[in-house]
Amino acid sequence: MAAYQFQVVYFEATRRCNLRCRFCMTGSNEPKRLRESVLNELTLEQIRDQILRPARRLGVHTIGWSGGEFLLRKDAFDLLRLTVEFGYRCSVLSNCAKLTRARLEQIREVTAGQARIVVGLNSVDEENQWSRDSESGRTLAVLRDCMELGLGQHVVVTIGKYNTESFAKTIEFIVKHNIAYNRSPLVPRGSGAQCFEQLGFDRQDLREHFHPALRRSPHGYVSYTPFFLSPELHAEVSGGARNHTVPQNPAIGCWAGTWLTINAEGEVSVCPVLLDALSAGNVRRQPLDELVASSALFATITDRSRLKGRCGRCRYQYTCGGCRAMAYFHSGDYMGEDPTCFFDPIDRSTVSEHEAQTNEVFRKYLLMARAAGVYRPPASAADDASSRPGLYGRR
């Protein structure tokens, strides 16, 4: 069995939802698909035996419960309680409609105060309702309640042409309130398929609008591309930790290869936005750890030496990896170059003009990551893996 190590399981435990977001990835807006999914949702017992137990053997430390709207499952609080009993950290991804203060208090109680609430916020302006079917004010009220109750908070911003102008303002607000966040790309999954060609961002949007805001603050360094981190610096601070060739401790750049994603019917993939498009198999047939160990998809996605095009000749091939979802949805090849990246390296000697800033802010991020328990400094200078031959790929 391959000795893979993953950090997070992201589980879309239901496609049921009480909102009708314009870009819903899970297909909650499609009645036929929703009916079929509800009949085939994994049960609590299947989740316990096929996911939660075997995930421990893969190094997973966090379970992220999502949907649809996860809280529409009748056993949602039983699953949260079970998550904590297994010793996992717990995230609850919600559209906020059901997150009353009383329900937040209940989440805090069943998770012993260890839960983190994750919400979507595409804009602090009125346009949030256009894309999220929810007023931004409701989301901000939930975040305030979480702060008062001592629950962790995290924001996901889905980016596309519709929020290029408001993105910097939204990130400024999130950072001002000391909230961690990540960006997620609009993709042609679920309802997004109807508008991806028109509203999906391109390399110019990324260069001029999104990337300048993303690289400015450590709060969003959990995942974005392109990520111009010096491979030597990551080797120094991480002790050479990696999942095959995907850097860990901390994970950076493209998240494919550092977490596991599962849809309501049990199909496993490498990224939330690639669920329903790329499957490594179904946990109904194999426990999660056995499925991953025998999967050709995971063997390939965790080997960034196989990346092609600009990504394959880039200095940041390993510390960035390019967005595997953008590569797949634009070309059909999930190991192809990321067409939304604006960096054009000649070869590995080409250094981005943004590397110095990325390195500086990354060092600040390490302090946050260490406090959050997702980064551990090497035991000693002797563990500095930058001198190990071949650590960051084949020349």
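A polar contact is a pair of N or O atoms within 3.5 Å; within protein, one must be able to donate a hydrogen and the other to accept it. By this criterion, the side chain of Arg15 contacts the side chain of Glu265 at 2.8 Å. The structure examined here is a predicted model.

Arg15 was placed in the loop that connects strand E1 (8–12) with helix H1 (31–39). Its relative accessible area is 3%. The cut-off for a buried residue is under 20%, so Arg15 counts as buried. Besides Glu265, the side chain of Asp276 is a polar partner: a contact of 2.8 Å joins it to the side chain of Arg15. Leaving out residues up to four places away in sequence, the surroundings of Arg15 include Thr26, Ser28, Arg33, Leu34, Ser37 and Glu41. Gly68, Arg189, Asn263 and Ala264 are also among the residues it touches.

A second buried arginine is Arg73, with a relative accessible area of 6%. Arg73 belongs to the loop between E2 and helix H3 (76–85). A polar atom of its side chain lies 2.9 Å from the backbone oxygen of Ala13. Ala13 is also listed among the contacts of Arg73, when neighbours within four places in sequence are set aside. The other residues on that list are Thr14, Arg16, Glu41, Leu42, Thr43, Leu44, Ile47 and Leu79. Glu41 is thus in contact with Arg73, and Glu41 is touched by Arg15 as well.

The strands were examined next. Nine of them form an open sheet with mixed pairing. Their order is E6-E5-E4-E3-E2-E1-E9-E10-E11. Strand E6 (180–185) and strand E11 (281–282) are the edge strands, each pairing on one side only. In general, strands of a sheet pair through backbone hydrogen bonds, either parallel or antiparallel.

Several pairings within the sheet are parallel. E1 pairs with E2 in this sense over five bridges, and Val8 stands opposite Thr62 in E2. E1 also runs parallel to strand E9 (residues 259–262), to which four bridges join it. There, Val9 faces Leu260 in E9. E1 is mostly covered, with four of its five residues buried. Strand E2 (residues 62–66) pairs in parallel with E3 over four bridges. Gly64 stands opposite Ser91 in E3. Strand E3 (residues 89–94) is largely enclosed by the rest of the structure, because five of its six residues are buried. Strand E4 (residues 115–120) and E5 form a parallel pair with five bridges. In this pair, Val118 is opposite His154 in E5.

The nonpolar interior was then analysed. The largest core contains 111 residues. Val9, Trp65, Leu288 and Phe362 have the most contacts inside it. For Val9, the contacts beyond four places in sequence are Ile51, Ala55, Val60, Thr62, Ile63, Gly64, Leu260, Ile262 and Leu288. Another core, of five residues, lies apart from the largest one and includes Phe23, Leu186, Cys195 and Leu199.

Aromatic rings were searched across the whole structure, and 22 pairs were found. Trp130 and Tyr162 make a tilted pair, with 6.0 Å from centre to centre and 50 degrees between the planes. This pair links distant parts of the chain, as the two residues are 32 residues apart. Trp130 is in helix H5 (residues 127–132). Tyr162 is in the loop between strand E5 (152–159) and helix H7 (167–176). Burial was assigned to each ring residue in turn. Trp130 counts as partly exposed because its relative accessibility is 38%. Tyr162, at 14%, counts as buried.

Phe201 and Phe210 form an edge-to-face pair, 5.9 Å centre to centre with 70 degrees between the planes. Both residues of this pair are buried. A single aromatic cluster comprises Tyr221, Tyr224, Phe227, Phe362 and Tyr365. Phe362 of this cluster is also one of the residues with the most contacts inside the largest nonpolar core. An arginine was also found at a ring: the charged end of Arg56 sits over the ring of Tyr88, 4.8 Å from its centre.

Key. Residues are numbered from 1 along each chain as its sequence is written. This is a predicted model: local features need pLDDT of at least 70, side-chain atom pairs count only at pLDDT 80 or more; totals for chains, interfaces and linings use all residues. Side-chain values use heavy atoms; hydrogens and water are left out. A nonpolar core is a set of buried Ala, Val, Leu, Ile, Met, Phe, Trp, Tyr and Cys residues joined through side-chain atoms within 4.5 Å. Buried means under 20% relative accessible area, exposed over 50%, partly exposed in between (1.4 Å probe, protein chains only). Contact means heavy atoms within 4.5 Å. Rings of Phe, Tyr and Trp (its six-membered ring) pair if their centres lie within 6.5 Å; planes under 30 degrees apart count as stacked, over 60 as edge-to-face and the rest as tilted. A charge sits over a ring if NZ of Lys or CZ of Arg is within 6 Å of the ring centre and within 35 degrees of the ring normal. Two strands pair if DSSP finds at least two bridges between them.
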